[in-house]
Amino acid sequence: MIKDGKGGGNTRTGLVYEGEVDLKTFLDSKTGYEVSGDKVFYNEELVARIFKKNSFYAVFLKELEVDWSKYLSKRLMPDDSIFVLLNNTLFIIECKFQQVSGSVDEKLQTCDFKKKQYQKLLAPANVDVEYIYLLSDWFRHSRYKDVLDYIISVNCHYYLNIFL
């Protein structure tokens, strides 16, 4: 939503927020980490790979030889994802920015379903899945207590403005 404006389809505020919380940029700025393409190195050792939106399908699933259409009726597009080699876990990362009440409120309640869909998709490759929201400060308001508690209760995670 645009503050004092029209609906989410025309807004750029969420895209700006997603740009500010870019995982590659964040990790590359941390001591010991270097990001080259989709590869993440820590002290020169490959530790993870990052896949954003379509590259999740075009690169990650293709390398795993997983045909998404055999497991899902519709593609899910992660804002970001990171596959951590050490624990064979894919972390799905969704960035949510809000300045006024709107559709993002309800989207937060879908994490359980989406996590289960990603688990179903990656089960043939024996890859574990974690689902994480990166939320703007808007979600600190007390009206989000129930939904934030729900996110934790279904074994998903959230962080508030950790990149800013």
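A residue counts as exposed when its relative accessible area is over 50%. By that cut-off Asn155, with a relative accessible area of 52%, is exposed. Asn155 sits in the loop that joins helix 6 to strand 7 (157-160), and its phi is positive, near 65 degrees, although the residue is not glycine. A second asparagine invites a look alongside it. Asn126 belongs to the loop between helix 5 and strand 6, and it too is a non-glycine residue with a positive phi, here about 55 degrees. With a relative accessibility of 60%, Asn126 also counts as exposed, because the value is over 50%.

These details come from a predicted model, and the overall layout helps to place them. The protein chain contains six helices and seven strands, which follow one another along the sequence in the pattern α-α-β-β-β-α-β-β-α-α-β-α-β. Of the 164 residues in the protein chain, 38% are buried. Among contacts between residues at least 6 apart in sequence, 63% link residues that are at least 24 apart.

The interior can be followed through its nonpolar cores. The largest nonpolar core has 29 residues, and within it Phe56, Phe60, Leu61, Leu90 and Leu108 touch the most other members. At least two residues of this core come from each of helix 3, strand 5, helix 5, strand 6 (128-135) and helix 6 (145-153). Another core lies apart from this one; it is made of 11 residues, including Val35, Ile82, Ile93 and Ile132. Back in the largest core, Phe56 offers a good view of the surroundings. Beyond its neighbours within four places in sequence, Phe56 is in contact with Phe51, Leu61, Pro78, Ser81, Leu90, Tyr118 and Leu121.

Two of the elements that supply the largest core, helix 3 and helix 5, also pack against each other. Helix 3 (residues 55-64) meets helix 5 (residues 111-122) at an angle of about 40 degrees, and their axes are 11 Å apart. Helix 3 is therefore oblique to helix 5. On the helix 3 side the contact is made by Phe56, Phe60, Leu61 and Leu64, while helix 5 contributes Tyr118, Leu121 and Leu122. The residues of this contact comprise seven nonpolar, no polar and no charged.

Strand 5 (residues 89-96) includes Thr89, a polar residue that deserves a closer look. Thr89 is buried, because its relative accessible area of 7% is under 20%. Its side chain reaches the backbone oxygen of Asn87 at 2.9 Å. With neighbours within four places in sequence left aside, the contacts of Thr89 are Ile82, Phe83, Val84, Asp128, Val129 and Glu130. Among these partners, Ile82 is a member of the core of 11 residues.

The loop between helix 4 (104-107) and helix 5 is where Gln109 is found. Gln109 has a relative accessibility of 46% and so counts as partly exposed. Although Gln109 and Leu148 are 39 residues apart along the chain, their C-alpha atoms are separated by 8.9 Å. Apart from neighbours within four places in sequence, Gln109 is in contact with Val147 and Tyr150.

Note on methods. Residues are numbered from 1 along each chain as its sequence is written. This is a predicted model: local features need pLDDT of at least 70, side-chain atom pairs count only at pLDDT 80 or more; totals for chains, interfaces and linings use all residues. Side-chain values use heavy atoms; hydrogens and water are left out. Axes are lines fitted to C-alpha atoms, for helices over the stretch in contact, and angles run from 0 to 180 degrees between N-to-C directions. Helices (H or I, at least four residues) and strands (E, at least two) are DSSP runs, numbered from the N terminus. Angles under 35 degrees count as roughly parallel, over 145 as roughly antiparallel, 65 to 115 as roughly perpendicular and the rest as oblique. Contact means heavy atoms within 4.5 Å. Ala, Val, Leu, Ile, Met, Phe, Trp, Tyr, Cys and Pro count as nonpolar, Asp, Glu, Lys and Arg as charged, and the others, Gly among them, as polar. Buried means under 20% relative accessible area, exposed over 50%, partly exposed in between (1.4 Å probe, protein chains only). A polar contact is a pair of N or O atoms within 3.5 Å; within protein, one must be able to donate a hydrogen and the other to accept it, and residues adjacent in sequence count only if both atoms are side-chain atoms. A nonpolar core is a set of buried Ala, Val, Leu, Ile, Met, Phe, Trp, Tyr and Cys residues joined through side-chain atoms within 4.5 Å.
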